[in-house]
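Trainee: Would you please choose a single part of this model and examine it closely? I should like to know what surrounds that part and how its setting relates to the rest of the chain.

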Amino acid sequence: MNKDAKIYIAGHKGMVGSAIWRSLSAKGYQNLIGSTSKELDLREQQDVRDYMAQEKPDVIIDAAAKVGGILANNNFPYQFLMENMQIQNNLIDAALKTNVEKFIFLGSSCIYPKFAPQPLKEDYLLTDSLEPTNEWYAIAKIAGVKACQSIRKQFDKDYVSLMPTNLYGTHDNFDLNSSHVLPAMIRKFHEAKENGQTPVTLWGSGTPMREFLFVDDMADAVVFALENRLPDYLYNIGTGKDLTIKDLAETIAKIVGHTGEIIWDSEKPDGTPRKLMDVSKMHDLGWKHQIELEQGIEKTYKWFTENINDVKKVTI
Ligand SMILES: NC(=O)c1ccc[n+]([C@@H]2O[C@H](COP(=O)([O-])OP(=O)(O)OC[C@H]3O[C@@H](n4cnc5c(N)ncnc54)[C@H](OP(=O)(O)O)[C@@H]3O)[C@@H](O)[C@H]2O)c1
(Lines give C-alpha, C1' and ligand atoms only; values in the text may rest on other atoms or scores of the structure.)
Protein backbone atom coordinates (compact mmCIF):
# COMPACT_ATOMS: atom_id res chain seq x y z
CA MET A 1 0.00 0.00 0.00
CA ASN A 2 1.37 3.39 -1.06
CA LYS A 3 2.12 5.60 1.97
CA ASP A 4 0.43 8.51 0.16
CA ALA A 5 -2.83 6.59 -0.36
CA LYS A 6 -5.79 8.61 0.87
CA ILE A 7 -7.27 6.60 3.71
CA TYR A 8 -10.62 7.61 5.22
CA ILE A 9 -11.06 6.26 8.75
CA ALA A 10 -14.76 6.54 9.60
CA GLY A 11 -15.07 6.84 13.37
CA HIS A 12 -11.48 8.10 13.75
CA LYS A 13 -12.14 9.59 17.21
CA GLY A 14 -13.55 6.34 18.63
CA MET A 15 -11.59 3.78 20.59
CA VAL A 16 -10.82 1.59 17.57
CA GLY A 17 -10.67 4.34 14.93
CA SER A 18 -8.21 6.42 16.98
CA ALA A 19 -5.99 3.35 17.52
CA ILE A 20 -6.03 2.71 13.75
CA TRP A 21 -5.14 6.36 13.09
CA ARG A 22 -2.19 6.19 15.55
CA SER A 23 -0.97 2.93 14.07
CA LEU A 24 -1.14 4.15 10.45
CA SER A 25 0.54 7.46 11.33
CA ALA A 26 3.33 5.59 13.11
CA LYS A 27 3.85 3.48 9.97
CA GLY A 28 4.24 6.59 7.82
CA TYR A 29 0.82 6.85 6.19
CA GLN A 30 0.46 10.59 5.65
CA ASN A 31 -2.84 11.05 3.92
CA LEU A 32 -5.38 10.09 6.57
CA ILE A 33 -8.79 11.73 6.72
CA GLY A 34 -11.66 11.56 9.19
CA SER A 35 -14.70 13.54 10.37
CA THR A 36 -16.54 13.54 13.65
CA SER A 37 -20.26 12.72 13.72
CA LYS A 38 -20.93 16.45 14.23
CA GLU A 39 -19.04 17.29 11.03
CA LEU A 40 -20.52 14.39 9.03
CA ASP A 41 -23.47 12.38 10.30
CA LEU A 42 -22.99 9.03 8.56
CA ARG A 43 -26.72 8.27 8.94
CA GLU A 44 -27.40 10.92 6.30
CA GLN A 45 -27.04 9.32 2.87
CA GLN A 46 -26.71 12.47 0.77
CA ASP A 47 -24.13 13.99 3.12
CA VAL A 48 -22.03 10.82 2.88
CA ARG A 49 -22.29 10.82 -0.93
CA ASP A 50 -21.23 14.48 -1.08
CA TYR A 51 -18.30 13.88 1.28
CA MET A 52 -17.07 10.92 -0.74
CA ALA A 53 -17.44 12.75 -4.06
CA GLN A 54 -15.39 15.61 -2.65
CA GLU A 55 -12.69 13.61 -0.82
CA LYS A 56 -12.33 10.63 -3.21
CA PRO A 57 -10.49 8.34 -0.80
CA ASP A 58 -8.52 5.34 -2.07
CA VAL A 59 -9.35 3.25 0.98
CA ILE A 60 -12.11 3.30 3.61
CA ILE A 61 -11.80 1.77 7.06
CA ASP A 62 -15.23 1.65 8.70
CA ALA A 63 -14.75 1.94 12.46
CA ALA A 64 -17.90 4.05 12.91
CA ALA A 65 -20.82 2.44 14.68
CA LYS A 66 -23.24 2.79 17.53
CA VAL A 67 -21.71 0.46 20.13
CA GLY A 68 -22.65 -0.45 23.69
CA GLY A 69 -23.05 -3.20 26.26
CA ILE A 70 -26.00 -5.50 27.07
CA LEU A 71 -27.97 -2.77 28.85
CA ALA A 72 -27.73 -0.27 26.00
CA ASN A 73 -28.54 -2.93 23.39
CA ASN A 74 -31.55 -4.09 25.38
CA ASN A 75 -32.93 -0.59 25.93
CA PHE A 76 -32.37 0.83 22.44
CA PRO A 77 -32.92 -2.02 19.94
CA TYR A 78 -34.12 0.26 17.14
CA GLN A 79 -31.10 2.56 17.30
CA PHE A 80 -28.67 -0.36 17.44
CA LEU A 81 -30.26 -1.97 14.37
CA MET A 82 -31.14 1.05 12.25
CA GLU A 83 -28.29 3.48 12.95
CA ASN A 84 -25.67 0.82 12.36
CA MET A 85 -27.29 -0.18 9.08
CA GLN A 86 -27.58 3.45 7.99
CA ILE A 87 -23.94 4.20 8.81
CA GLN A 88 -22.50 1.15 7.05
CA ASN A 89 -24.92 1.16 4.09
CA ASN A 90 -24.18 4.79 3.32
CA LEU A 91 -20.42 4.22 3.51
CA ILE A 92 -20.36 0.95 1.56
CA ASP A 93 -22.68 2.15 -1.21
CA ALA A 94 -20.87 5.47 -1.60
CA ALA A 95 -17.55 3.60 -1.67
CA LEU A 96 -18.75 1.36 -4.50
CA LYS A 97 -20.16 4.31 -6.46
CA THR A 98 -16.95 6.33 -6.14
CA ASN A 99 -14.76 3.36 -7.11
CA VAL A 100 -13.06 2.87 -3.77
CA GLU A 101 -10.96 -0.26 -4.35
CA LYS A 102 -10.40 -1.26 -0.72
CA PHE A 103 -12.90 -1.24 2.13
CA ILE A 104 -12.30 -2.71 5.59
CA PHE A 105 -15.50 -3.28 7.53
CA LEU A 106 -15.36 -3.89 11.29
CA GLY A 107 -18.01 -6.12 12.80
CA SER A 108 -18.17 -8.04 16.03
CA SER A 109 -18.06 -11.60 17.36
CA CYS A 110 -21.78 -11.28 18.25
CA ILE A 111 -22.60 -12.03 14.59
CA TYR A 112 -22.15 -15.73 15.41
CA PRO A 113 -25.00 -17.91 16.78
CA LYS A 114 -25.50 -18.02 20.56
CA PHE A 115 -24.85 -21.76 20.85
CA ALA A 116 -22.36 -22.19 18.02
CA PRO A 117 -19.53 -24.64 18.75
CA GLN A 118 -16.46 -23.07 20.35
CA PRO A 119 -14.09 -21.71 19.27
CA LEU A 120 -16.13 -19.73 16.74
CA LYS A 121 -15.14 -20.30 13.15
CA GLU A 122 -16.05 -17.88 10.38
CA ASP A 123 -18.04 -20.73 8.75
CA TYR A 124 -20.59 -20.67 11.61
CA LEU A 125 -22.09 -17.41 10.38
CA LEU A 126 -25.89 -17.77 9.87
CA THR A 127 -26.06 -21.41 11.02
CA ASP A 128 -28.38 -20.81 14.06
CA SER A 129 -30.14 -18.16 16.22
CA LEU A 130 -28.34 -15.16 17.71
CA GLU A 131 -28.00 -14.08 21.34
CA PRO A 132 -31.27 -12.11 21.91
CA THR A 133 -29.71 -9.36 24.05
CA ASN A 134 -27.67 -8.02 21.14
CA GLU A 135 -29.35 -9.43 18.05
CA TRP A 136 -30.23 -5.94 16.81
CA TYR A 137 -26.60 -4.92 16.60
CA ALA A 138 -25.59 -8.36 15.30
CA ILE A 139 -28.11 -8.30 12.45
CA ALA A 140 -26.87 -4.89 11.33
CA LYS A 141 -23.29 -6.17 11.38
CA ILE A 142 -24.23 -9.33 9.46
CA ALA A 143 -25.83 -7.11 6.80
CA GLY A 144 -22.54 -5.17 6.57
CA VAL A 145 -20.51 -8.35 6.14
CA LYS A 146 -22.88 -9.52 3.42
CA ALA A 147 -22.84 -6.15 1.64
CA CYS A 148 -19.03 -6.27 1.45
CA GLN A 149 -19.07 -9.93 0.42
CA SER A 150 -21.56 -9.22 -2.37
CA ILE A 151 -19.35 -6.40 -3.73
CA ARG A 152 -16.33 -8.69 -3.58
CA LYS A 153 -18.24 -11.37 -5.48
CA GLN A 154 -19.95 -9.17 -8.05
CA PHE A 155 -17.33 -6.47 -8.66
CA ASP A 156 -14.09 -8.24 -7.62
CA LYS A 157 -13.10 -5.44 -5.24
CA ASP A 158 -11.06 -5.91 -2.07
CA TYR A 159 -13.89 -5.35 0.43
CA VAL A 160 -13.15 -7.38 3.54
CA SER A 161 -14.75 -7.78 6.98
CA LEU A 162 -12.81 -8.19 10.23
CA MET A 163 -14.70 -9.51 13.27
CA PRO A 164 -12.98 -8.43 16.47
CA THR A 165 -13.54 -10.20 19.74
CA ASN A 166 -14.24 -7.96 22.79
CA LEU A 167 -11.87 -5.01 22.58
CA TYR A 168 -10.55 -2.80 25.35
CA GLY A 169 -7.86 -0.19 25.81
CA THR A 170 -7.10 3.50 25.83
CA HIS A 171 -10.00 5.80 24.82
CA ASP A 172 -12.52 3.14 25.90
CA ASN A 173 -16.00 4.06 27.14
CA PHE A 174 -16.04 4.01 30.97
CA ASP A 175 -19.63 5.23 31.36
CA LEU A 176 -21.37 2.60 33.47
CA ASN A 177 -24.68 3.05 31.59
CA SER A 178 -23.29 2.02 28.25
CA SER A 179 -19.82 0.51 28.68
CA HIS A 180 -18.59 -3.02 28.03
CA VAL A 181 -17.66 -5.37 30.86
CA LEU A 182 -13.91 -4.72 31.10
CA PRO A 183 -13.90 -0.90 31.31
CA ALA A 184 -16.98 -1.05 33.58
CA MET A 185 -15.02 -3.27 35.98
CA ILE A 186 -12.01 -0.95 35.89
CA ARG A 187 -14.20 1.99 36.84
CA LYS A 188 -16.11 0.10 39.56
CA PHE A 189 -12.97 -1.32 41.20
CA HIS A 190 -11.18 2.02 41.01
CA GLU A 191 -14.08 3.94 42.58
CA ALA A 192 -14.54 1.27 45.29
CA LYS A 193 -10.82 1.50 46.11
CA GLU A 194 -11.00 5.30 46.30
CA ASN A 195 -14.08 5.04 48.57
CA GLY A 196 -12.21 2.89 51.11
CA GLN A 197 -12.36 -0.59 49.56
CA THR A 198 -16.18 -0.78 49.48
CA PRO A 199 -17.81 -3.93 47.96
CA VAL A 200 -18.22 -4.09 44.18
CA THR A 201 -21.38 -5.59 42.66
CA LEU A 202 -20.93 -7.17 39.23
CA TRP A 203 -23.52 -8.43 36.76
CA GLY A 204 -24.39 -12.10 36.35
CA SER A 205 -22.87 -15.26 37.79
CA GLY A 206 -19.25 -14.67 36.76
CA THR A 207 -19.14 -18.03 34.97
CA PRO A 208 -19.38 -16.97 31.28
CA MET A 209 -16.10 -17.13 29.39
CA ARG A 210 -14.85 -14.27 27.28
CA GLU A 211 -11.88 -13.31 25.14
CA PHE A 212 -10.35 -9.80 25.12
CA LEU A 213 -8.04 -8.10 22.66
CA PHE A 214 -6.11 -4.88 23.32
CA VAL A 215 -7.20 -2.21 20.85
CA ASP A 216 -3.67 -1.55 19.52
CA ASP A 217 -3.54 -5.20 18.43
CA MET A 218 -6.86 -4.67 16.62
CA ALA A 219 -5.37 -1.66 14.85
CA ASP A 220 -2.40 -3.82 13.88
CA ALA A 221 -4.79 -6.38 12.32
CA VAL A 222 -6.42 -3.59 10.30
CA VAL A 223 -3.01 -2.45 9.04
CA PHE A 224 -2.30 -6.08 8.10
CA ALA A 225 -5.56 -6.21 6.11
CA LEU A 226 -4.67 -2.89 4.49
CA GLU A 227 -1.22 -4.01 3.39
CA ASN A 228 -2.26 -7.47 2.18
CA ARG A 229 -5.12 -8.55 -0.06
CA LEU A 230 -6.74 -11.13 2.18
CA PRO A 231 -8.03 -14.07 0.13
CA ASP A 232 -11.42 -14.47 1.86
CA TYR A 233 -14.27 -12.13 2.81
CA LEU A 234 -14.42 -12.65 6.60
CA TYR A 235 -11.76 -12.97 9.32
CA ASN A 236 -11.94 -13.28 13.08
CA ILE A 237 -9.56 -11.09 15.09
CA GLY A 238 -8.71 -12.08 18.64
CA THR A 239 -6.19 -13.77 20.87
CA GLY A 240 -7.73 -17.24 20.66
CA LYS A 241 -7.63 -17.41 24.50
CA ASP A 242 -10.48 -16.81 26.98
CA LEU A 243 -11.13 -16.68 30.73
CA THR A 244 -14.15 -16.57 33.05
CA ILE A 245 -15.66 -13.20 33.95
CA LYS A 246 -14.79 -14.08 37.55
CA ASP A 247 -11.10 -14.52 36.65
CA LEU A 248 -11.25 -11.27 34.72
CA ALA A 249 -12.69 -9.48 37.77
CA GLU A 250 -9.95 -10.85 40.01
CA THR A 251 -7.24 -9.84 37.53
CA ILE A 252 -8.61 -6.29 37.29
CA ALA A 253 -9.09 -6.01 41.07
CA LYS A 254 -5.43 -7.00 41.54
CA ILE A 255 -4.14 -4.49 38.97
CA VAL A 256 -6.36 -1.68 40.31
CA GLY A 257 -5.55 -2.54 43.94
CA HIS A 258 -9.12 -3.22 45.11
CA THR A 259 -9.17 -5.58 48.08
CA GLY A 260 -12.86 -5.28 49.07
CA GLU A 261 -15.63 -7.83 48.53
CA ILE A 262 -16.95 -8.80 45.07
CA ILE A 263 -20.72 -9.50 44.94
CA TRP A 264 -22.22 -11.30 41.92
CA ASP A 265 -25.78 -10.15 41.06
CA SER A 266 -27.17 -13.31 39.45
CA GLU A 267 -30.52 -11.58 38.77
CA LYS A 268 -28.75 -9.78 35.90
CA PRO A 269 -28.28 -11.56 32.54
CA ASP A 270 -25.09 -13.43 31.73
CA GLY A 271 -25.31 -13.30 27.95
CA THR A 272 -23.70 -16.02 25.83
CA PRO A 273 -22.07 -18.75 27.99
CA ARG A 274 -18.82 -18.75 26.04
CA LYS A 275 -17.44 -16.67 23.21
CA LEU A 276 -14.02 -17.59 21.94
CA MET A 277 -12.82 -16.82 18.43
CA ASP A 278 -11.04 -19.32 16.25
CA VAL A 279 -8.29 -17.07 14.89
CA SER A 280 -6.49 -19.71 12.84
CA LYS A 281 -7.43 -18.10 9.50
CA MET A 282 -5.52 -14.91 10.43
CA HIS A 283 -2.69 -16.90 12.05
CA ASP A 284 -2.30 -18.91 8.84
CA LEU A 285 -1.85 -15.66 6.92
CA GLY A 286 0.83 -14.47 9.40
CA TRP A 287 -1.01 -12.12 11.80
CA LYS A 288 -1.00 -12.69 15.59
CA HIS A 289 -1.74 -10.46 18.61
CA GLN A 290 1.21 -9.04 20.62
CA ILE A 291 -0.22 -7.71 23.91
CA GLU A 292 -1.36 -10.18 26.59
CA LEU A 293 -4.33 -9.44 28.87
CA GLU A 294 -2.55 -8.33 32.08
CA GLN A 295 -0.24 -6.00 30.17
CA GLY A 296 -3.19 -4.56 28.27
CA ILE A 297 -5.24 -4.00 31.44
CA GLU A 298 -2.25 -2.26 33.07
CA LYS A 299 -1.95 0.09 30.09
CA THR A 300 -5.71 0.72 30.11
CA TYR A 301 -5.87 1.41 33.85
CA LYS A 302 -2.92 3.82 33.59
CA TRP A 303 -4.70 5.67 30.78
CA PHE A 304 -7.96 5.71 32.78
CA THR A 305 -6.34 7.24 35.88
CA GLU A 306 -4.50 9.82 33.76
CA ASN A 307 -7.70 10.82 31.94
CA ILE A 308 -10.24 10.28 34.70
CA ASN A 309 -11.73 13.76 34.43
CA ASP A 310 -12.50 13.57 30.75
CA VAL A 311 -13.05 9.87 29.95
CA LYS A 312 -15.72 9.50 27.37
CA LYS A 313 -19.33 9.71 28.53
CA VAL A 314 -21.70 8.25 25.96
CA THR A 315 -25.24 9.55 25.99
CA ILE A 316 -27.80 7.47 24.13
N1 LIG B 1 -15.33 -1.92 21.45
C2 LIG B 1 -15.41 -3.21 21.24
O3 LIG B 1 -15.28 -4.04 22.14
C4 LIG B 1 -15.65 -3.73 19.87
C5 LIG B 1 -15.67 -5.10 19.72
C6 LIG B 1 -15.90 -5.62 18.48
C7 LIG B 1 -16.11 -4.76 17.43
N8 LIG B 1 -16.09 -3.43 17.60
C9 LIG B 1 -16.33 -2.59 16.41
O10 LIG B 1 -15.33 -1.62 16.23
C11 LIG B 1 -15.91 -0.45 15.66
C12 LIG B 1 -15.57 0.77 16.49
O13 LIG B 1 -15.98 0.58 17.82
P14 LIG B 1 -15.42 1.49 19.02
O15 LIG B 1 -15.36 0.62 20.21
O16 LIG B 1 -14.24 2.26 18.56
O17 LIG B 1 -16.64 2.49 19.23
P18 LIG B 1 -16.64 4.03 19.75
O19 LIG B 1 -15.46 4.31 20.60
O20 LIG B 1 -17.98 4.28 20.30
O21 LIG B 1 -16.48 4.84 18.42
C22 LIG B 1 -17.50 4.84 17.47
C23 LIG B 1 -17.20 5.89 16.46
O24 LIG B 1 -18.29 5.89 15.55
C25 LIG B 1 -18.60 7.23 15.26
N26 LIG B 1 -20.03 7.36 14.96
C27 LIG B 1 -21.09 6.82 15.63
N28 LIG B 1 -22.23 7.24 15.08
C29 LIG B 1 -21.89 8.06 14.03
C30 LIG B 1 -22.63 8.79 13.08
N31 LIG B 1 -23.97 8.77 13.07
N32 LIG B 1 -21.94 9.53 12.17
C33 LIG B 1 -20.61 9.57 12.20
N34 LIG B 1 -19.84 8.88 13.05
C35 LIG B 1 -20.49 8.13 13.98
C36 LIG B 1 -18.29 8.03 16.52
O37 LIG B 1 -18.01 9.36 16.13
P38 LIG B 1 -18.11 10.62 17.16
O39 LIG B 1 -17.21 10.26 18.30
O40 LIG B 1 -17.62 11.76 16.37
O41 LIG B 1 -19.54 10.69 17.56
C42 LIG B 1 -17.05 7.30 17.03
O43 LIG B 1 -15.89 7.87 16.51
C44 LIG B 1 -17.40 -0.72 15.57
O45 LIG B 1 -17.72 -1.17 14.29
C46 LIG B 1 -17.62 -1.84 16.52
O47 LIG B 1 -18.70 -2.63 16.14
C48 LIG B 1 -15.85 -2.88 18.79
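Mentor: The account below starts from one helix, α6, and then turns to other parts of the chain for context.

The model is predicted: local features require pLDDT of at least 70 and side-chain atom pairs pLDDT 80 or more, while totals for chains, interfaces and linings take in all residues. Numbering starts from 1 along each chain as its sequence is written, and side-chain values use heavy atoms, with hydrogens and water left out.

Helix α6 covers residues 181-194 (helices are DSSP runs of H or I with at least four residues, strands runs of E with at least two, numbered from the N terminus). Within α6, the side chains of E191 and R187 form a salt bridge at 2.9 Å, N to O (a side-chain nitrogen of Lys or Arg within 4 Å of a carboxyl oxygen of Asp or Glu). These two residues are 4 residues apart, about one turn of the helix. Their surroundings are not alike: R187 is buried, at 10% relative accessible area, whereas E191 is partly exposed, at 34% (buried is under 20%, exposed over 50%, partly exposed in between, with a 1.4 Å probe and protein chains only).

Helix α8, residues 245-256, packs against α6, and the two axes come within 9 Å and cross at roughly 45° (axes are lines fitted to C-alpha atoms, for helices over the stretch in contact, with angles from 0 to 180 degrees between N-to-C directions). The pair therefore counts as oblique (under 35 degrees is roughly parallel, over 145 roughly antiparallel, 65 to 115 roughly perpendicular, the rest oblique). On the α6 side, V181, L182, M185, I186, F189, H190 and K193 take part in this contact (heavy atoms within 4.5 Å). They meet I245, L248, A249, I252, A253 and V256 of α8.

A further partner of α6 is helix α10, residues 293-306, packed at an angle of about 60° with the axes 11 Å apart. This arrangement is likewise oblique. Here α6 contributes L182, I186, R187, H190 and K193, and α10 contributes L293, I297, T300, Y301, F304 and T305. R187 thus appears in the contact with α10 as well as in the salt bridge with E191. L182, I186, H190 and K193 of α6 are named in the contact with α8 and again in the contact with α10.

The segment leading to α6 also deserves attention. H171 is placed in the loop between β6 (166-168) and α6. Its phi is positive, at about 65°, although H171 is not a glycine. H171 counts as partly exposed, at 32% relative accessibility. Another backbone feature of this kind is found at K56, a residue other than glycine whose phi is near 45°. K56 lies in the loop between α2 and β3 (59-62) and is exposed, with a relative accessible area of 59%. For comparison, most residues other than glycine have a negative phi, and most peptide bonds are trans. The peptide bond from Q118 to P119 is cis, with omega near -5°, and P119 lies in the loop between β4 and α5.

The salt bridge of α6 can now be set beside others, the count for the model being 19. D232 and K281 form one of them, at 2.9 Å, N to O. D232 is in the loop between α7 (215-227) and β10 (234-237) and K281 is in helix α9 (residues 280-285), so this bridge ties together parts that are 49 residues apart in sequence. D232 is partly exposed at 30% relative accessibility, and K281 is partly exposed at 22%. R49 and D93 form another, at 3.4 Å, N to O. That pair links distant parts of the chain, 44 residues apart, with R49 in helix α2 (residues 45-55) and D93 in helix α4 (residues 77-97). R49 is partly exposed at 33% relative accessibility, and D93 is partly exposed at 24%. D41, R43 and E83, by contrast, are joined in a network of salt bridges.

A last acidic residue, D216, lies in helix α7. D216 is partly exposed, at 34% relative accessibility. Apart from neighbours within four places in sequence, D216 is in contact with A19, R22 and I291. A95 is 121 residues away from D216 along the chain, and their C-alpha atoms are separated by 26 Å.
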